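Me: Please take a close look at the part of this protein around the ligand. I am a first-year student, so explain each term when it comes up.

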Amino acid sequence: MDLDLTPEQELVRDTVREFARDRVAPVAEELDREERFPYELVAELAELGFMGLPIPEEHGGAGGDTVSYALVVEELTRVDSSVAITVAAHTSLGTMPIHLFGTEEQKREWLPRLASGEALAAFGLTEPGAGSDAGNTRTTAELRDGEWVVNGSKIFITNAGTDITACVTITARTGEDEISNLIVPNGTPGYEISAPMKKLGWKASDTRELSFRDCAVPEGNLLGERGQGFRQFMEILDGGRISVAAMGVGLAQGAYDLAYAYAQEREQFGRPISKFQAIQFKLADLATEIEAGRALVLKAAWLKDQGRPFAREAAMAKLYTGELSNRAVNWSLQIHGGYGYMEEYAISRLYRDQKILEIGEGTNEVQRMVIARHLGL
Ligand SMILES: Cc1cc2nc3c(=O)[nH]c(=O)nc-3n(C[C@H](O)[C@H](O)[C@H](O)COP(=O)(O)OP(=O)(O)OC[C@H]3O[C@@H](n4cnc5c(N)ncnc54)[C@H](O)[C@@H]3O)c2cc1C
């Protein structure tokens, strides 16, 4: 059993760690405060090959493995969740469906721009009335004269409305009991995108409501087999959970880093608070749980890279690291005392950015449902 990263994986981790420290950290607070999408950072990440890491080179990606991809997402989240989710949603949710289910023609049309990071893609599954119960999609697509005519709406869609977004893949009902996936290019008449939604956290990430009114796309924009949409998006969510789980570890690590440093600077009762056992125990518990969380994430990623079943482990990793990140930001802020409640301290941003990790790509309850199903219950 070999628990070491390969030299290539270490190189990826060190490169992105340096990038996060030198390029993301200095602007993270400002991007959050101004709720400004990080176009410049996306361009730089694209240059580094991190906007399409697991996509094969022949389609414009970097041809990396899932472990490397998880390391990228973890290291970015350690410093800034908005930048990390921009990469993760674009890669796992936006680009992956075209890579996994697209025809050769669709891949040639979309992947080079998406995998190189020149353009972004979004994944539109959630609807106002269909969240956890995602199969309850109400959006419809009707085949008329060689075109799919889409009607309906989607909500909370990441990356859908940036200046460089090329398309969204949506689920739509194409028959009574039939769900299919369709690629809808941005700019298609009848496809309207709301102003950015106002959020508690992830403020520099792009989140929109989408509406489709007699929005017609070519018949060839059907992604994968007709009627396979539900199975396809379940597969996409399984993979996406690895990246959200990597965000959980990254956020927990970032919160730990801040608490560790602060506990040594801050003095009370004549000594650094890190000398108090109550503080040491919190940091010791966090360091232990972060190790455990990272091991779960890397195992799920490794299984996927081996072509083995990974859905159970991905759900376990997502559940565990979501709850771990909650404890981590809470304890880290506690260690910061009143200063941690002030906006000038990074932990206050990490605290706001955390909660969504227990909701997006399946809530904690949904992960437990998935795990229970895998346990045969
Ligand atoms: C910032 C942000 C970005 C997002 N990005 C995207 C995106 O890019 N694409 C996309 O498609 N979606 C996206 N989402 C949507 C996200 O995946 C959903 O919010 C999530 O799946 C939960 O759905 P919901 O909000 O409708 O909650 P609901 O499903 O209404 O759940 C409400 C509560 O009820 C619980 N619950 C529901 N059913 C059960 C049950 N059977 N048993 C026990 N408890 C249950 C839930 O766990 C939750 O606690 C995003 C959301 C946010 C906030």
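Reply: What follows describes the surroundings of the ligand. This is a predicted model, in which local features need pLDDT of at least 70, side-chain atom pairs count only at pLDDT 80 or more, and totals for chains, interfaces and linings use all residues. Residues are numbered from 1 along each chain as its sequence is written, and side-chain values use heavy atoms, with hydrogens and water left out.

There are 17 residues around the ligand, and those that come nearest are Thr126, Ser132, Phe156, Thr363 and Glu365. A residue counts as near if one of its heavy atoms lies within 4 Å of the molecule. By class, this shell has 8 nonpolar, 6 polar and 3 charged residues. Here Ala, Val, Leu, Ile, Met, Phe, Trp, Tyr, Cys and Pro count as nonpolar, Asp, Glu, Lys and Arg as charged, and the others, Gly among them, as polar.

Some side chains approach the ligand through polar atoms. For Thr126, a polar side-chain atom lies 2.7 Å from a nitrogen atom of the ligand. In Thr363, an N or O atom of the side chain is 2.6 Å from an oxygen atom of the ligand. Glu365 has a polar side-chain atom 2.7 Å from an oxygen atom of the ligand. Taken alone, the ligand exposes 980 Å², of which the protein buries 63% (areas by the Shrake-Rupley method with a 1.4 Å probe).

Strand S3 (147–158) and helix H10 (364–374) each give two or more residues to the shell. S3 gives the most, with 3 residues. Helices (H or I, at least four residues) and strands (E, at least two) are DSSP runs, numbered from the N terminus.

Notes. A polar contact is a pair of N or O atoms within 3.5 Å; within protein, one must be able to donate a hydrogen and the other to accept it, and residues adjacent in sequence count only if both atoms are side-chain atoms.
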